[in-house]
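Good morning, and thank you for the invitation to speak. Please look at the structure on the screen while I go through a few of its parts.

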Amino acid sequence: MWADAHDLDLDLKKANFGRNPTFYQQNPPPTTTLPLTLLRFQKVKMFTHRLVFPASVLRGRGAIKHLGSMCGRLGQRALLVGGKRAIASVEASVIDQLEQQMVSYLGHEVLSGECCQEEISRLAEAFRVQGVEVIIATGGGRALDTAKAAGVACNLPVVTLPSIPGTCAAVTSLAFRYHQDGRFRDMLPLNYGPAAAVIDADLLAQAPLNWLAAGIGDTLAKWYEYRAISDEHNLTGLAGVARTNSALCFTQIEHFAADACLAVEQGKANNALEQVLDAIFLYAGLTSIMSNGAHTGAAHALYEGFTVCSKTRHFPHGLLVGFGNLCLLALENRSDDELQAALALARASAIPTQLAHLSAELTEQDLASIIDHSLTAPDMANMPFEVDFAAMKAAIERVDSLGRSLI
């Protein structure tokens, strides 16, 4: 399922995605969906889980050199979509790649910054007006999610080219939607995933360190949260696969995070960075896919609470989730030794370990509002025990205290 940049063997010509914009309606992508039928013996009923994968993943240093041939198999009229900085960092390479394959470059479309329904609808209309046949989405999670959702609305193939490693959005068939003011709205399942994801370690090594830290925080949540919400004594089928995969996410981060951060600080990819990128995009993405999105808990709920506060909502998703991971461990009454080890890993990965790292101006009223909203967030309902205001506040205070005492 995962293709290496040095072992590219694709046969997408049959799909003819871009030249036939209704292809997805007429022929649901056979390589991107894997229906698995599970039997629940207690009620003798059949359940079908539809797992939506990206059709292809190109990963490794220099993976962008295959972008043109990929797009050429999907359509002849390509539009680049993303934020200003992301577009500026990749546009020259994108144009060069498209020219080599004689694919028309229609220019770029700059996004507003929020993956909100208004922006998704605006972008979808732009695709229709310009006669786009293939979408190249670049940037971080919100830009990629916006482009994926708009692409699905128009039945167009989307090639994701992340320029920052903040989340696993490049490979998933989900879009995290927000309100226009930045408050979290919901998680939108999409009918199909990206036609291709291009994960170029050389490109991602140029991203600011805080974005790698965000990706690490979001990836660690795959283990911390799935461990918290799953029953280790009843891990059959997909649940067992998802938990095993989430443990692999943690192992990769634990072993390689520090050296990967050094690679980004130096702006030069190394093996550790490639291993961490695989964890962020591939293993974390697989956990999301295998669990059909039901892999989140208190860490993401606390993130959703942080988005209601103007002092914290500007932080990258994964940094807020990363702090939430630590609070989840405190909620579970993990020992000080375990929590201090998690704090040390977070600090080595440039993840916030104190409230002051998020905002030095948070008031008691701000924190109360954040906690209140986290308790009513959908992700909190996945927790196997009741979480109330006092428990969440105590967990945050415990993490903050231990974080401040780190040597």
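I shall begin with helix α2, residues 67-74, in this predicted model. Of its 8 residues, 7 are buried, so the helix is largely enclosed by the rest of the structure. The buried ones are Leu67, Gly68, Ser69, Met70, Cys71, Gly72 and Leu74. What do they pack against? Their partners are the strands β4 (57-60), β7 (134-139), β8 (158-162) and β11 (196-200), together with helix α3 (84-100).

Let us follow one of those partners, β4. In a regular strand, side chains alternate between the two faces of the sheet. Both faces of β4 are covered. Val57 and Arg59 on one side are buried, and so are Leu58 and Gly60 on the other. Strand β4 runs parallel to β11, and 4 bridges join the two. Within this pairing, Gly60 stands opposite Asp200 of β11.

I turn now to the packing of helices. Two packed helices are described by the angle between their axes and the distance between the axes. Helix α11, residues 317-331, takes part in both of my examples.

In the first example, the axes of α11 and helix α10, residues 298-306, come within 7 Å and cross at roughly 130°. The two helices are therefore oblique to each other, and their crossing is right-handed. From α10, the contact includes Leu302, Tyr303 and Phe306; from α11, it includes Leu320, Phe323 and Leu331. By class, this contact has 11 nonpolar residues, 4 polar residues and no charged ones.

In the second example, α11 packs with helix α7, residues 209-229, at an angle of about 35°, and the axes are 7 Å apart. This crossing is left-handed. Among the residues that meet here are Asp218, Glu225 and Arg227 in α7, and Gly318, Leu319 and Gly322 in α11. By class, the contact of α7 with α11 has 10 nonpolar, 6 polar and 3 charged residues.

My last point concerns a single residue, Thr353, in the loop between α12 (336-348) and α13 (355-358). Is Thr353 buried or exposed? Its relative accessible area is 2%, and because buried means under 20%, Thr353 is buried. Leaving aside neighbours within four places in sequence, Thr353 is in contact with several residues, including Phe323, Leu326, Leu343, Arg347, Asp400 and Leu406. Phe323 has already appeared in this talk, as one of the residues through which α11 makes contact with α10.

Methods. Residues are numbered from 1 along each chain as its sequence is written. This is a predicted model: local features need pLDDT of at least 70, side-chain atom pairs count only at pLDDT 80 or more; totals for chains, interfaces and linings use all residues. Side-chain values use heavy atoms; hydrogens and water are left out. Axes are lines fitted to C-alpha atoms, for helices over the stretch in contact, and angles run from 0 to 180 degrees between N-to-C directions. Angles under 35 degrees count as roughly parallel, over 145 as roughly antiparallel, 65 to 115 as roughly perpendicular and the rest as oblique. A crossing is left-handed if the near helix is turned anticlockwise from the far one by less than a right angle, and right-handed if clockwise. Contact means heavy atoms within 4.5 Å. Ala, Val, Leu, Ile, Met, Phe, Trp, Tyr, Cys and Pro count as nonpolar, Asp, Glu, Lys and Arg as charged, and the others, Gly among them, as polar. Buried means under 20% relative accessible area, exposed over 50%, partly exposed in between (1.4 Å probe, protein chains only). Two strands pair if DSSP finds at least two bridges between them.
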